[in-house]
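This briefing sets out selected structural features of one chain and of its contact with a partner chain. The points are grouped by topic for reference alongside the sequence and coordinates.

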Amino acid sequence: MTLTQNVKLKHMKYLKIENHKGFYRLDTTVENWIELDQINKDHLLSLLKLASTQVFEMDEYNDELLQNPAHNIIYRNIYGKLNDFLNNKTRFQDTVDAMYKTAIEKYKI
Amino acid sequence: MKKIDLHTHTVSTVCDSAFDFDISKVKEYVEKLKIDALAITNHNVFDMNQYNLIKKSLTIPVFPGIEIDLEGGHLLLITDTDEFEVSNFDEKCKRVSDLIKTKDDSITLAQFKSIFTDLGKYVLIPHHDKSPEIKHATITALNPHITSGEAGSVSKFKRMFKEQNGLTPVLFSDMRFRADLKDFPTRHTFVDLKEISLAGIKSCLADKSKISLTKESGNDFFQATDDGLELSTGLNIILGERSSGKTVTLNKIASSSGNTKYIKQFSLLQNDEATFNRTNDSRLSIIYNNYLNELKSVIEDVVQIDIKQNHLNIESYLDSLKKFATENEKKDLFSKCTLFSEDIFSIDDLENLDKVIESVTTLIENNEYQDIISKYISADNLKKLLLELIEKAIFSKNENEEKIWLNSIIKDIKRELGIKTTNSIIEEIDFYKIALDEIKVRKFVEVVNELKTERQINREELGKFSIVTSTYRISGASELKDIAHDKKAYSPAFSNYHNPYEYLLKLKETGVEEASLYKFFVKIESETLNKDGFKVSGGERSEFNLIHEIKDATKYDILLIDEPESSFDNLFLKKEINTLIKNISELMPVVVVTHNSTVGASIKPNYVAITQKNLENREFVYRVFTGYPSDKELTCLDGNKIKNYDSILNCLEAGIDAYTERKTQTYEILKD
């Protein structure tokens with residue numbers, strides 16, 4: 001991986017591990033990281049929407065790095081689910097591209 | 001000349017709508033219509049006992065036959081009447097019955113030939129200009145055994161007759177001898193034979209000059225009612241005083257002729273604009289439905305989504321996750337098990353893969369564009385591609401099966417552990433589905449916003465009129481009531497019209513049925529404009545209706561019009577209607593009942609019928625006199641005659657005296 005790619009990916013990161021804790025953010029243009037145990041349903045939904053539409057990067061789950069046990073569980077669970085989603089993103093994108101395509105084309109002037 | 005009907009039904013099969021057979025109707029039919037030979041041709045079945053019963057009860061030859069579903073079309077197969085042949089035929093027909101069990105079944109040509117090995121001894125008549133037709137290739141393959149084809153109507157018979165080197169046309173009743181039958185159909189064929197025999201019929205069917213629609217009048221006439229009234233296959237005018245039986249005659253023609261377009265008296269008159277628009281809109285329902293079809297499918301899908309529930313699911317998932325995380329220190333024997341906090345496997349949706357397989361299969365199976373396809377992808381590579389995709393599909397489907405099986409185990413164990421433990425359980429959640437639902441709603445909004453752009457969606461020219469259909473945004477809750485044809489309170493829904501998804505939910509809350517939701521997003525209206533581009537007036541609406549009805553008549557076999565003058569003024573009748581009626585009578589038989597001299601005298605019909613009611617021996621006797629317009633006398637079937645000129649003036653101009661008076665005094669004075 002080149003340095004530029006690394007920087008780019010860093011900029012597309014939404015979930016990270018730091019100081020034994022998990023963090024998330026909803027805007028990659030600012031370093032506004034929030035502790036993962038603070039996450040609410042609106043933010044989780046926003047993360048899911050971002051994962052479905054943007055290049056979405058996360059620090060891989062690492063049991064040793066996440067010493068905070070609550071953070072460890074929440075990170076492992078959300079990371080696992082988002083990762084599963086991202087693994088199916090090509091299929092998801094294909095479905096989205098085909099979705100209501102004939103209707104949109106028909107009614108577009 | 002002998003009158004034959006070789007296509008009749010006496011057994012209700014899977015191919016018919018149910019009916020009760022009544023043998024007395026066969027006798028009545030043969031006597032009333034003076035039939036010289038009959039064939040019993042039920043769908044894919046031959047009932048020998050019933051056939052023998054019918055044969056015994058009639059004095060005319062009755063041929064055993066069957067109507068076979070062959071390669072998607074219908075074929076009549078008729079054989080001779082001798083006892084040995086009938087029982088042989090019965091055996092063969094049983095084999096056909098064994099192969100055809102539902103109305104969609106059909107036998108192949110090879111099966112047909114293996115059952116009826118000696119085709120030379122039968123008469124074979126395929127549906128030709130009649131649905132469902134036997135394919136041309138099948139007819140060719142049965143050469144030289146097919147010489148005639150069954151036409152669906154008088155006009156189709158004439159069309160086939162004119163075709164050079166075409167099959168000899170025949171017209172048969174295709175009737176069901178049902179117990180509730182009132183008027184009999186009048187579709188028969190005359191063959192030039194002195195004595196009926198299967199061989200004789202067969203030779204006539206190979207020679208167009210030996211068949212005819214009528215006994216003595218050739219193919220320019222046809223039998224219009226079951227009591228023997230013959231009319232021209234062109235334009236006929238029925239005249240007569242009030243209550244002399246004109247409409248009764250027209251009704252009888254309608255019920256004997258099958259596929260009839262009947263324009264009833266006053267039916268074209270439309271002074272009320274709202275009624276006219278409504279009928280117009282129903283005429284355009286195909287355009288309406290075609291235009292909204294895609295929206296309908298989208299809504300059928302979107303309406304299944306429950307975004308609110310999805311959000312609640314995220315909330316409860318997160319709450320349970322956090323609770324589980326904080327309780328981590330207090331884990332007991334049960335919650336310590338790995339499976340307790342294990343996620344279930346997500347199941348792969350293989351719809352896209354199935355679509356790809358279907359597309360590759362289409363590429364392989366397509367013959368029409370095979371040369372272009374093979375220029376870029378070899379048939380071999382396509383097959384390999386298909387094979388690999390199928391392997392992938394099998395693998396993925398197996399994997400899904402395994403995951404479903406494992407999930408059921410994981411869920412069972414988690415449930416049992418959950419009952420025993422004091423710790424919280426993490427709720428299940430499907431991120432893939434939730435994300436997809438969010439996108440669906442977004443795309444639905446996109447679809448509706450595009451749809452709301454007002455536009456003209458169809459323009460149809462009809463004579464001097466144009467019908468323009470356009471879409472409009474909905475401008476108020478009252479328009480929603482018009483769409484729904486009910487009085488529900490649509491204001492709360494309409495206040496969300498700018499937000500399609502909220503609007504959809506509100507419409508559901510209001511009680512709009514899911515299947516009707518698609519009607520509420522745009523208003524579709526059609527406008528009928530005259531040749532100057534203005535909205536049509538009252539009189540023009542009737543004209544438009546007539547032009548529309550006459551255009552529609554081309555889908556039928558015969559056109560009947562009862563008193564067109566009831567809806568129009570004389571000038572329009574003379575200028576426009578007469579031409580229209582004349583033109584359509586070139587395509588099919590047309591019968592016009594009229595009192596009006598403009599229609600009656602100036603339309604120049606091919607044939608005239610005058611109805612009369614007389615009191616004879618204290619009883620009313622109804623008669624129909626017919627003849628050419630130039631005939632001095634018109635004749636009734638019972639031999640009675642009337643003077644043509646006098647009778648026409650009586651019917652149209654209230655008699656000679658009134659006519660002369662009007663001509664010399666009123667019209668001439670006006671002229672001066």
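In chain B, strands β1(B) and β2 (residues 37-43) pair in the parallel sense, over three bridges. The model is predicted, and every feature below is to be read on that basis.

**Strand β1(B) and its partners**

- Within the pairing of β1(B) with β2(B), D5(B) has L38(B) as its bridge partner.
- Between β1(B) and β2(B) the chain passes through helix α1 (residues 23-32) of chain B, and the resulting β-α-β crossover is right-handed.
- Strand β9 (residues 189-191) of chain B is joined to β1(B) by three bridges, and these two strands run antiparallel.
- K2(B) finds its bridge partner in β9(B) at V191(B).
- Strand β8 (residues 175-176) of chain B runs parallel to β1(B) and is joined to it by two bridges.
- In that pairing, M175(B) of β8(B) is the bridge partner of T8(B).
- Seven of the eight residues of β1 (residues 2-9) of chain B are buried, so this strand is largely enclosed by the rest of the structure.

**The eight-stranded sheet**

- An open sheet of eight strands in chain B follows the order β14-β18-β19-β13-β20-β21-β22-β23, with mixed pairing.
- The edges are formed by β14 (260-263) and β23 (641-643) of chain B; each has a single partner strand, so one side of each lacks a neighbour in the sheet.
- Neighbouring strands of this sheet are turned against each other by 25° on average, with direction ignored.
- Within chain B, strands β20 (residues 607-616) and β21 (residues 619-627) run antiparallel and are joined by nine bridges.
- T611(B) has V624(B), in β21(B), as its bridge partner.
- Helix α8 (residues 246-257) of chain B lies across six strands of that chain, namely β13 (235-240), β14, β18 (558-562), β19 (590-593), β20 and β21.
- The direction of α8(B) is at about 160° to β18(B).

**The pairings of β15(B), β16(B) and β17(B)**

- Seven bridges connect strand β15 (residues 455-462) with strand β16 (residues 465-472) of chain B in the antiparallel sense.
- Opposite E460(B) stands I467(B) of β16(B).
- The hairpin of β15(B) and β16(B) has two residues between the strands, and G463(B) takes a positive phi near 60° there.
- β16(B) also pairs with strand β17 (residues 523-529) of chain B, in the antiparallel sense and over seven bridges.
- S526(B) in β17(B) is the bridge partner of T469(B).

**Chain B as a whole**

- Chain B contains 23 helices and 23 strands.
- Of its 672 residues, 33% count as buried.
- Among contacts in chain B between residues at least 6 apart in sequence, 67% join residues at least 24 apart.

**Contact between chains A and B**

- Chain B contributes 35 residues to the contact and chain A contributes 34 residues.
- On the side of chain B that touches chain A, the elements giving two or more residues are α10 (285-302), α11 (307-326) and α15 (431-451) of chain B.
- Helix α15(B) provides the largest share of that side, with 14 residues.
- By class, the side of chain B that touches chain A has 18 nonpolar, six polar and eleven charged residues.

Conventions. Residues numbered from 1 in each chain as written. Chains lettered and ligands numbered in written order. Predicted model: local features only at pLDDT ≥ 70, side-chain atom pairs only at ≥ 80, totals over all residues. Contact = placed C-beta atoms within 7 Å. Helix = DSSP H or I, 4+ residues; strand = E, 2+ residues; numbered from the N terminus. Nonpolar A, V, L, I, M, F, W, Y, C, P; charged D, E, K, R; others polar. Buried ≥ 20, exposed ≤ 12 C-beta atoms within 10 Å, placed from the backbone. Pairing = 2+ DSSP bridges. Axes fitted to C-alpha atoms, helices over the stretch in contact; angles between N-to-C directions. Right-handed = clockwise from strand over helix to strand, strands pointing away.
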